[in-house]
Amino acid sequence: MIKRVLMLICDGLGDRPVKELGNKTPLEAAKTPNLDKLASGAECGLMHTLGRGFTPGSDTAHLTIFGYPIDKYYSGRGPIEVAGLGLKLEGGDVALRGNFGTVDENMMIKDRRAGRILEVEPLTKAIDGMEVDGIKFIVKPGTAHRAGVIMRGEGLSGNIIDADPHVPDVPIRTVTPTDDTKEAKHTAEVLNKFLLKAHKVLKDHPFNAERVKDGKLPANFLLVRGGGQYISLPSFKERYDLTSCCIAGGGLYKGVAAFLGMDIIDVPGATGLPDTDIEAKFKTSLEKLDSYDFVFTHVKAADSLSEDGNWEGKRDFIEKIDRAAALLTNLPDDVMLVVTADHSTASEMKAHSADPVPIMFYGGGGESIRIDKVTEFNERACAKGGLGYIVGLDVMPQIQNILGTLHLVGA
Ligand code: ZN
């Protein structure tokens, strides 16, 4: 009987046939004996994560796979990234992510990342907890020049434009509302006041004076973007009665997991880049199955490589995933392994696409899962699988069904 779940999401794994690869997709062209062995003992299918005809972003795709409909729970990148920094959000908060940048005395942006400053904690500390018109601003450092900001108080809205114009050598952008509500207007006004007030503190901060003395750019303005209002949601534990953790290199994925209340496990060598130590991630994933019911493991680089149009690099990275997947071919019988992707990334387009992704449910040692006749893990082989075509919101119910935790409908 299956009791525990390891979900491996290979970002952007699906692709389209590439002429240079003999009209195979990178996944078809890659030598993947271990993934194929797993597929031979699995029920397979294809998944339109957000439904047919929708091109998923990584954030919306992951939320959907974990069973959180995006029309109900998604309100932009801000809340997810801020959750990933370890900040606890409350219903009604507006969360933004941002960069510490450099502006001159005319408020022209000289550098959006303040010369790629490596540490901003002394600066976030100086403005954390500031209040403007009854709204509290919670500011915490992210990696390098990045920071997360929470606006907390009554009558806020996430419907505002970014303060970050996304290019240098232009004036800072005044935040404006994107709808006519008084909440959006109020939020924009308060945020503009805060950004200027914070600028006054930052420009005179000894940490920046020191930087200027060393010939570096001062980090004197917070360029915020991705504003979204946090909507309270049930945690993964509340939703499924499963304890869960996340093993990922990329900040966005840790953010999604933290957003759902999963524990974040840091693995040395997990970089989110092609050089990432996949074996270390898989080893830790297997260890964590002793203390968690559900382990979410994310591997990023197949997506980034196809966004660069590098189908050979993607093929080679998939082979690297496969070598590490040897560790997953001897699972205890009470563990189910789900392998899939959040979306396809078409190397020919260098962008995410709406093409469905392969998915397999493996485990049980031959029991519990209806193993089908698919013997390879790739886009076209999985099209012949027992699951047929599913959508992202089918994944968790499928898992609950195997675990025996679905409720009876009717009598
Ligand atoms: Zn993705």
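## A buried serine at the zinc site

Ser58 is buried, with a relative accessible area of 7%. That value counts as buried because the cut-off is under 20% relative accessible area. The model shown here is predicted. Ser58 also has a job to look at in this model: its OG atom is one of the protein donors of the zinc ion.

Which residues supply the protein donors of the zinc ion? They are Asp11, Ser58, Asp342 and His343. Asp11 appears twice in the donor list, each time through an OD atom. Asp342 also gives an OD atom, while His343 gives NE2. These donors lie 2.0 to 2.8 Å from the zinc ion.

Now look at the spacing in sequence. The donor residues follow the pattern D-x46-S-x283-D-H. Ser58 sits in helix 3 (residues 58-65), and Asp342 sits in the loop between strand 12 (335-340) and strand 13 (344-346), so this pair ties together parts that are 284 residues apart in sequence. Is Asp342 buried or exposed? Asp342 is buried, at 0% relative accessibility.

## Helix 3

Helix 3 is mostly covered. How many of its residues are buried? The count is 8 of 8. The run begins with Ser58, Asp59, Thr60 and Ala61. It goes on with His62, Leu63, Thr64 and Ile65. Just after helix 3 comes Gly67, which takes a positive phi of about 90 degrees.

## Ile109 and its surroundings

Move on to Ile109. This residue belongs to strand 4 (residues 109-111). Ile109 is buried, and its relative accessible area is 0%.

What does Ile109 touch, leaving aside residues up to four places away in sequence? Its contacts include Thr102 and Val103. Among them are also Pro165, Val167, Pro168, Asp169, Val170, Pro171 and Ile172. Leu223 is on the list too. Thr340 makes a contrast in position: the C-alpha atoms of Ile109 and Thr340 are separated by 42 Å. Along the chain, these two residues are 231 residues apart.

## Strands 3 and 8

Strand 8 (residues 221-229) is mostly covered, with 8 of its 9 residues buried. How does strand 8 run against strand 3 (residues 94-103), parallel or antiparallel? The two strands run antiparallel, and 7 bridges join them. One place to find the pairing is Arg97, whose bridge partner in strand 8 is Arg225.

Both arginines are buried. Arg97 has 19% relative accessibility. Arg225 has 13%. Arg97 counts as buried because the limit is under 20%.

## Salt bridges

How many salt bridges does the structure hold? There are 23. Arg97 makes one of them with Glu81, and the closest N and O atoms are 3.4 Å apart. This pair links distant parts of the chain: Arg97 is in strand 3, Glu81 is in helix 5 (residues 77-84), and their positions lie 16 residues apart in the count.

Arg225 has a salt bridge as well. Its partner is Asp164, with the closest N and O atoms 3.8 Å apart. Asp164 lies in the loop between strand 7 (146-152) and helix 7 (182-203), whereas Arg225 is in strand 8, 61 residues apart. Asp164 is buried, at 0% relative accessibility.

Another pair has a different setting. Asp204 forms a salt bridge with Lys203, the closest N and O atoms being 3.6 Å apart. Asp204 is exposed, at 56% relative accessibility. Lys203 is partly exposed, at 44%. Elsewhere, a network of salt bridges links Arg4, Asp290 and Asp334.

## Two domains

Where do the domains fall along the chain? The domain assignment gives domain 1 as 4-73 + 232-403. It gives domain 2 as 81-229. The centres of the two domains, taken over C-alpha atoms, are 34 Å apart.

Now look at how the domains meet. In domain 1, 6 residues are in contact with 4 residues of domain 2. About 340 Å² of area is buried between the domains. Carbon and sulfur atoms give 70% of that area. How many salt bridges does the rule find across this interface? It finds 0.

Conventions
Residues numbered from 1 in each chain as written. Predicted model: local features only at pLDDT ≥ 70, side-chain atom pairs only at ≥ 80, totals over all residues. Heavy atoms only, no water. Donors = N, O, S within 2.8 Å, 3.2 Å for Na, K, Ca; no water. Helix = DSSP H or I, 4+ residues; strand = E, 2+ residues; numbered from the N terminus. Buried < 20%, exposed > 50% of the residue type's maximum accessible area, 1.4 Å probe, protein only. Contact = heavy atoms within 4.5 Å. Pairing = 2+ DSSP bridges. Salt bridge = Lys/Arg side-chain N within 4 Å of Asp/Glu carboxyl O. Domains from an automatic or database assignment. Buried area = accessible area lost by both parts, 1.4 Å probe.
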